[in-house]
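Work through the exercises below with the sequence and the 3D view side by side. Try each task before you read its solution.

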Amino acid sequence: MSATSVDPELLMFRDGLLTMVDRVVACLDGLDEAAANWRPDAPDKNSLVVIAAHVLGNVEEYVFEVILGQAVHRSRDAEFATTGPAEPLIAKWTELRPRM
């Protein structure tokens, strides 16, 4: 199917999804590791790294596995345990985004 024959509603969904993930990933831009992993001093709160990891995992699973039928290996528990620098998550989105 060519890009010109794609359902306009599907394109609108994709564009909204891209914008939302772009915004989440942009929150990581310029943060050092400590800032990206900071969590509010309250129970069950997540860092920006965790939120971004979860959003990327969710988007990848739903777009590629649920909609397109491609196998995606995802560990939701691992997403919520993510720590470290933001760069690997930014790189993952940079690789994933054009495929959408």
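**The chain as a whole**

The chain holds 5 helices and 0 strands; helices (H or I, at least four residues) and strands (E, at least two) are DSSP runs, numbered from the N terminus. This is a predicted model, where local features need pLDDT of at least 70, side-chain atom pairs count only at pLDDT 80 or more, and totals for chains, interfaces and linings use all residues. Residues are numbered from 1 along each chain as its sequence is written, and side-chain values use heavy atoms, with hydrogens and water left out.

**Exercise 1. Describe the chain.**

Task: Give the order of elements, the box and the buried share of the chain.

Solution.
- Start at the N terminus: the elements run α-α-α-α-α.
- Next, take the box along the principal axes: the C-alpha atoms fill roughly 50 × 25 × 20 Å.
- Then turn to burial. Buried means under 20% relative accessible area, exposed over 50%, partly exposed in between (1.4 Å probe, protein chains only). Of the 100 residues in the chain, 30% are buried.
- Finish with contacts, meaning heavy atoms within 4.5 Å. Among those in the chain with a separation of 6 or more, 65% join residues 24 or more positions apart.

**Exercise 2. Examine helix H1.**

Task: Find the span of H1, then find where its buried residues lie.

Solution.
- H1 covers residues 8–26, which is 19 residues. From first C-alpha to last it reaches 27 Å, close to the 27 Å expected at 1.5 Å a residue. The expected span is 1.5 Å times one less than the number of residues.
- List the buried residues of H1: Leu17, Leu18, Val21, Val24 and Val25.
- Look down the axis of H1. Its buried residues fall within an arc of 130°, so they line one face of the helix. The arc is that of the directions from the helix axis to the C-beta atoms.
- Check the other side of H1: Pro8, Glu9, Met12 and Arg23 are exposed there.
- Ask what the buried residues of H1 pack against: helix H3 (48–67) and helix H5 (87–96).
- Go to the start of H1. A side-chain oxygen of Asp7 comes to within 2.7 Å of the backbone nitrogen of Glu9.

**Exercise 3. Place His54.**

Task: Is His54 buried or exposed, and which residues does His54 touch?

Solution.
- Locate His54 in helix H3.
- Read its relative accessible area: 17%, so His54 is buried.
- Leave out residues up to four places away in sequence. His54 then touches Arg74, Arg76, Glu79 and Phe80.
- Look closer at Glu79. A polar contact of 2.9 Å joins its side chain to that of His54. A polar contact is a pair of N or O atoms within 3.5 Å; within protein, one must be able to donate a hydrogen and the other to accept it, and residues adjacent in sequence count only if both atoms are side-chain atoms.

**Exercise 4. Study two loop residues.**

Task: Describe the settings of Asp44 and Gln70.

Solution.
- Asp44 sits in the loop between helix H2 (33–37) and H3.
- Its phi is positive, about 60°, although Asp44 is not a glycine. Most residues other than glycine have a negative phi.
- Asp44 is exposed, at 77% relative accessible area.
- Gln70 is in the loop between H3 and helix H4 (76–80). At 39% relative accessibility, Gln70 is partly exposed.
- Set aside neighbours within four places in sequence: Gln70 is in contact with Phe64, Glu65 and Arg99.
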